[in-house]
Amino acid sequence: MIKIIISFLLMAMITGCVQTPPEAEKPEEPPVVEQPEKTVDQEKPEEIKYVKKIDETKDWVYINDIHTSDMDFAYLDMKQTILDSEFTSGNELENWFNTIVTYTPEIQDFTINMDSIDAENINRWIQEQVRSKLADPKSRGEHVFKVKTFENEEILSVLIRSCLFLPGSGWTSDTYIYNFDLFSGKTLTNEELLEKVFLDNSQVKDLLKRTFEENDEIACDYPVNLTSCYYWQDFDVNDINYNYIFMVDNQLNILWSCSDEQGIEYYKQFSFK
């Protein structure tokens with residue numbers, strides 16, 4: 001009996017040694033979630049806040065209509081004289097300023113596309129000019145009214161020519177130049193324009209002096225004999241009657257007044273960086 005009990009105990013011990021206890025339950029690890037890589041915020045260019053346009057789909061100055069007509073038949077005997085008056089000996093802009101009479105007079109109806117008081121006042125004047133010129137009887141002459149514009153990131157320069165040809169009496173012409181601040185929509189005075197290009201009246205005078213000294217014939221390089229010019233000593237940025245300043249891209253430009261033997265006024269253009 002004792003042998004049977006001992007044998008049973010041995011079998012139980014052997015069975016207990018063979019069985020392995022279950023692994024202790026490990027805490028479940030959370031699933032790994034891939035985090036998106038942090039991207040460095042790219043520096044956004046600062047938005048330029050210009051003055052609001054009247055029509056955001058159009059340029060700063062846009063043409064509404066162009067009125068053209070051939071010179072009246074009564075002027076045909078002056079055709080060659082008129083054609084000869086086309087100015088071609090300067091650069092493109094000088095030619096534009098100096099050609100007063102054309103065989104096909106052109107009146108441009110245009111708008112300065114700015115929602116500002118200054119632009120509104122000039123636009124009202126433009127419309128008055130266009131209406132009066134279109135209503136003027138042919139017997140009183142042929143009108144020209146046209147515009148050129150230049151702009152950079154800060155300034156819009158608007159150049160306007162208004163001319164009247166009177167057969168047998170000659171012609172008259174006027175030049176108007178407006179420089180607009182594109183951020184405020186206000187017109188700039190000459191002093192304010194010079195400040196934007198870091199110049200003052202005396203510095204511009206020195207630039208003109210050097211220009212004239214480098215070329216003594218600068219006032220007389222046209223086929224016409226320009227006998228009188230306003231020399232650099234006369235320059236005063238406040239005198240808008242004789243000196244017009246404007247921007248072409250980022251260059252300051254001065255329109256200089258000269259006259260020939262008959263007293264007819266011509267313009268020279270000077271550009272300064």
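**Patches, cores and salt bridges in a predicted model**

Ile48, Tyr50 and Phe183 make a nonpolar surface patch of about 260 Å². A patch here is built from residues with over 30% relative accessible area and no salt bridge, with nonpolar side chains (Val, Leu, Ile, Met, Phe, Trp, Tyr) joined within 5 Å and like charges within 9 Å. The areas come from the Shrake-Rupley method with a 1.4 Å probe, and for residues only the protein chains shown count as cover. The model is a predicted one, so local features need pLDDT of at least 70 and side-chain atom pairs count only at pLDDT 80 or more, while totals for chains, interfaces and linings use all residues. Residues are numbered from 1 along each chain as its sequence is written, and side-chain values use heavy atoms, with hydrogens and water left out.

One member of the patch, isoleucine 48, sits in the loop between helix H1 (2-18) and strand S1 (61-68). Helices (H or I, at least four residues) and strands (E, at least two) are DSSP runs, numbered from the N terminus. With a relative accessible area of 42%, isoleucine 48 is partly exposed; that label covers the range between buried (under 20%) and exposed (over 50%), using a 1.4 Å probe and protein chains only.

Turning to the inside, the largest nonpolar core has 19 residues, and Ile112, Met114, Ile126, Phe145, Leu156 and Phe180 have the most contacts inside it. Such a core is a set of buried Ala, Val, Leu, Ile, Met, Phe, Trp, Tyr and Cys residues joined through side-chain atoms within 4.5 Å. At least two residues of this core come from each of strand S2 (106-112), helix H4 (117-135), strand S3 (142-151) and strand S4 (155-166). H4 gives the most, with five residues. Leaving aside neighbours within four places in sequence, leucine 156 is in contact (heavy atoms within 4.5 Å) with Trp60, Val61, Met114, Thr149, Phe150, Glu151, Tyr178, Asn179, Phe180 and Leu182. There is also a second, separate core of 17 residues, which includes Leu188, Leu194, Leu208 and Leu252.

Leucine 255 belongs to strand S8 (residues 251-260) and is buried, at a relative accessible area of 0%. Its C-alpha is 4.7 Å from that of glutamine 269, although the two are 14 residues apart in sequence.

Now for the charged side chains. Those of opposite charge can pair when their charged atoms come close. Four salt bridges turn up in a search of the whole structure, each being a side-chain nitrogen of Lys or Arg within 4 Å of a carboxyl oxygen of Asp or Glu. One of them joins lysine 58 to aspartate 55 at 3.9 Å, N to O. Lysine 58 is partly exposed at 34%, and aspartate 55 is partly exposed at 24%.

Another links arginine 124 and glutamate 120, with 3.2 Å from N to O. These two are about one helical turn apart because they lie four residues apart in helix H4. Arginine 124 is partly exposed, with a relative accessible area of 43%, as is glutamate 120 at 46%.

Lysine 196 and aspartate 181 also form a salt bridge, their closest N and O atoms being 3.5 Å apart. Lysine 196 lies in helix H5 (residues 190-196) and aspartate 181 in strand S5 (residues 170-181), so this pair ties together parts 15 residues apart in sequence. Lysine 196 is partly exposed at 26%, whereas aspartate 181 counts as buried at 11%. Glu154, Asp181 and Lys196 are joined into one network by salt bridges that share partners.
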